[in-house]
Amino acid sequence: MGTSLAALGLPPGEWPERWLLERPEAISAVHAAQVAAGARVVLSCTFGLTSARVDGADLPGLARRAVALARGALGPLGAR
């Protein structure tokens, strides 16, 4: 996820999970590309989503948003 987001312009040192709020379309684009490439499993953008890292952000809200974006790439039945 981080490498793919870096290719879309994520600056070095910025945590990818910030884009859950700022650029959700970029995260969705990564998921869509994974599905289009044949992925049968899509992971949410939550690798570094810890309370220490996000420093006061709505951790449960960010986690729900990350899962919703990943599920959205899979379509209404959860698979393509």
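Buried here means under 20% relative accessible area, exposed means over 50%, and partly exposed lies in between (1.4 Å probe, protein chains only). By that yardstick, 32% of the 80 residues in the protein chain are buried.

This is a predicted model, in which local features need pLDDT of at least 70, side-chain atom pairs count only at pLDDT 80 or more, and totals for chains, interfaces and linings use all residues. Residues are numbered from 1 along each chain as its sequence is written, and side-chain values use heavy atoms, with hydrogens and water left out.

**Figure 1. The whole chain at a glance.**
The protein chain has five helices and zero strands; helices (H or I, at least four residues) and strands (E, at least two) are DSSP runs, numbered from the N terminus. Reading along the sequence gives α-α-α-α-α. The C-alpha trace spans about 35 × 25 × 15 Å along its principal axes. The radius of gyration, taken over C-alpha atoms, is 12 Å, which agrees with the value near 12 Å for a compact globule of 80 residues; the globule rule is 2.2 Å times the number of residues to the power 0.38. Contact means heavy atoms within 4.5 Å. Among contacts between residues at least 6 apart in sequence, 51% join residues at least 24 apart.

**Figure 2. How confident is the predictor?**
pLDDT is the predictor's confidence in each residue, from 0 to 100. Its mean over the protein chain is 88, and 94% of the residues reach 70 or more. Among the elements, helix α3 (residues 24-36) has the highest mean, 95, and helix α4 (residues 51-54) the lowest, 79. A friendly reminder: where pLDDT is low, the predicted coordinates should not be read in detail.

**Figure 3. Glu17, a buried acidic side chain.**
Look for Glu17 in the loop between α1 (2-7) and α2 (19-22). Glu17 is buried, with a relative accessible area of 2%. What does the side chain of Glu17 meet at 2.7 Å? A polar atom of this side chain lies 2.7 Å from the backbone nitrogen of Gly48. Not counting residues up to four places away in sequence, Glu17 touches Cys45, Thr46, Phe47, Gly48, Leu49 and Arg53.

**Figure 4. Trp15 and Pro16, on the same loop.**
Trp15 lies in the loop between α1 and α2, and so does Pro16. Trp15 is buried at 12% relative accessible area, and Pro16 is buried at 14%. Beyond its neighbours within four places in sequence, Trp15 is in contact with Leu10, Arg53 and Val54. With the matching neighbours left aside, Pro16 is in contact with Gly2, Leu5, Leu10, Ile27, Cys45 and Arg53. From C-alpha to C-alpha, Trp15 is 11 Å from Thr3, twelve residues away in sequence. Pro16 and Ser4 are also twelve residues apart in sequence, with their C-alpha atoms 9.9 Å apart.

**Figure 5. Two nonpolar cores.**
A nonpolar core is a set of buried Ala, Val, Leu, Ile, Met, Phe, Trp, Tyr and Cys residues joined through side-chain atoms within 4.5 Å. The largest has 14 residues, of which Leu5, Trp19, Leu20, Ile27, Cys45, Val54 and Leu62 touch the most other members. Helices α2, α3 and α5 (59-74) each supply at least two residues of this core. A second, separate core of five residues includes Val42, Ala70, Ala73 and Leu74.

**Figure 6. His31, buried in helix α3.**
His31 sits in helix α3. Is His31 buried or exposed? His31 is buried, with a relative accessible area of 0%. Leaving out residues up to four places away in sequence, His31 touches Met1, Val42, Leu43, Ser44, Leu69, Ala70 and Ala73.

**Figure 7. The salt bridges.**
A salt bridge is a side-chain nitrogen of Lys or Arg within 4 Å of a carboxyl oxygen of Asp or Glu. How many salt bridges does this rule give? The count comes to two. Arg18 pairs with Glu14, their closest N and O atoms being 3.9 Å apart. Arg18 is partly exposed at 32% relative accessibility, and Glu14 is partly exposed at 22%. Arg23 and Glu25 form a salt bridge at 3.2 Å, N to O. Arg23 counts as partly exposed, at 30% relative accessibility.

Technical notes
Polar contact = N/O pair within 3.5 Å; in protein donor to acceptor, adjacent residues only side chain to side chain.
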